[in-house]
Amino acid sequence: MDRNMAKARRNPDRENRIHEEIIVDAYGPEEQAMSWYYYLEDKLQFPFHAQCVASVPTSPLRKGETVEIRKMASEDSCASEMLVMTRWNNRNIAVPLSQLKPIGVGESTNQATEDWHYWIAQGYRF
């Protein structure tokens with residue numbers, strides 16, 4: 001995270017959920033990544049539509065594009081970033097969940113995505 005960027009305001013409820021439910025038994029980066037992976041896989045209700053809210057160098061999606069998210073990428077692909085699968089230009093590709101905002105989804109999908117966005121905004125990493 002760029003040191004000049006301000007962190008998002010701390011949210012005690014979200015912090016508690018992350019530390020007491022998501023990464024409670026995770027020791028070390030690999031276990032944290034897998035804890036996040038299984039939390040998101042359980043909470044995200046696939047498929048869902050999402051809008052790209054940030055362009056990132058590792059993804060072909062542009063800000064404003066809408067895509068259908070089909071599933072989580074493989075566990076091995078999510079060791080440092082939570083990736084989800086979409087269809088783009090007739091190919092199945094993995095894109096960072098952090099660049100997407102779900103559209104018209106249920107509470108579970110919305111909360112899980114917001115939890116991940118919060119984790120990233122706070123500068124947490126595996």
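This passage describes the nonpolar core, the cysteines, the salt bridges and two loop residues of a predicted model.

The largest nonpolar core contains 32 residues, and the members that touch the most others are Trp36, Leu40, Met72, Met82 and Leu100. At least two core residues come from each of helix 1 (12-22), helix 2 (29-43), strand 1 (48-52), strand 2 (66-72), strand 3 (83-88), strand 4 and helix 3 (107-121). Helix 2 gives the largest share, with five residues. For Leu40, the contacts beyond four places in sequence are Met72, Met82, Leu97, Ala112 and Trp116. Two of these partners, Met72 and Met82, are themselves listed with Leu40 among the core residues that touch the most other members. The grouping follows a general pattern: in soluble globular proteins, nonpolar side chains tend to be buried together.

No disulfide is present in the structure. A disulfide is a covalent bond between the sulfur atoms of two cysteines. For Cys52, the closest cysteine sulfur is that of Cys78, at 17 Å, and this is too far for a bond because a disulfide requires the two sulfur atoms to be within 2.5 Å. The reverse also holds, in that the closest cysteine sulfur to Cys78 is that of Cys52, at 17 Å. Both side chains belong to buried residues: Cys52 has a relative accessibility of 1%, and Cys78 has a relative accessible area of 0%.

Gln99 lies in the loop between strand 4 (91-96) and strand 5 (100-103). Despite its place in a loop, Gln99 counts as buried because its relative accessibility is 0%, where the limit for a buried residue is under 20%. A polar atom of the Gln99 side chain is 2.8 Å from the backbone oxygen of Ala54. With residues up to four places away in sequence left out, Gln99 touches Gln51, Cys52, Val53, Ala54, Ser55, Val56, Ser59 and Leu61. The buried Cys52 is thus listed among the contacts of Gln99.

Gly104 occupies another loop, the one between strand 5 and helix 3. In contrast to the buried Gln99, Gly104 is exposed, with 85% relative accessibility. The C-alpha atoms of Gly104 and Glu30 are 32 Å apart in space, and the two residues are separated by 74 residues in sequence.

Five salt bridges are found in the whole structure. One of them joins the side chains of Asp115 and Arg17, with an N to O distance of 2.8 Å. This pair links distant parts of the chain, since Asp115 is in helix 3 and Arg17 in helix 1, 98 residues apart. Asp115 and Arg17 are both buried. Another salt bridge is formed by Arg10 and Glu15, whose closest N and O atoms are 3.4 Å apart. In this pair, Arg10 is exposed at 54% relative accessibility, whereas Glu15 is buried, with a relative accessible area of 8%. In a further salt bridge, that of Arg70 with Glu68, the closest N and O atoms are 3.7 Å apart. Arg70 is partly exposed at 40% relative accessibility, and Glu68 is partly exposed as well, with a relative accessible area of 30%. Arg14, Arg17, Glu114 and Asp115 form one network through salt bridges that share partners.

Terms used
Residues numbered from 1 in each chain as written. Predicted model: local features only at pLDDT ≥ 70, side-chain atom pairs only at ≥ 80, totals over all residues. Heavy atoms only, no water. Helix = DSSP H or I, 4+ residues; strand = E, 2+ residues; numbered from the N terminus. Buried < 20%, exposed > 50% of the residue type's maximum accessible area, 1.4 Å probe, protein only. Polar contact = N/O pair within 3.5 Å; in protein donor to acceptor, adjacent residues only side chain to side chain. Contact = heavy atoms within 4.5 Å. Core = buried A, V, L, I, M, F, W, Y, C linked by side-chain atoms within 4.5 Å. Salt bridge = Lys/Arg side-chain N within 4 Å of Asp/Glu carboxyl O.
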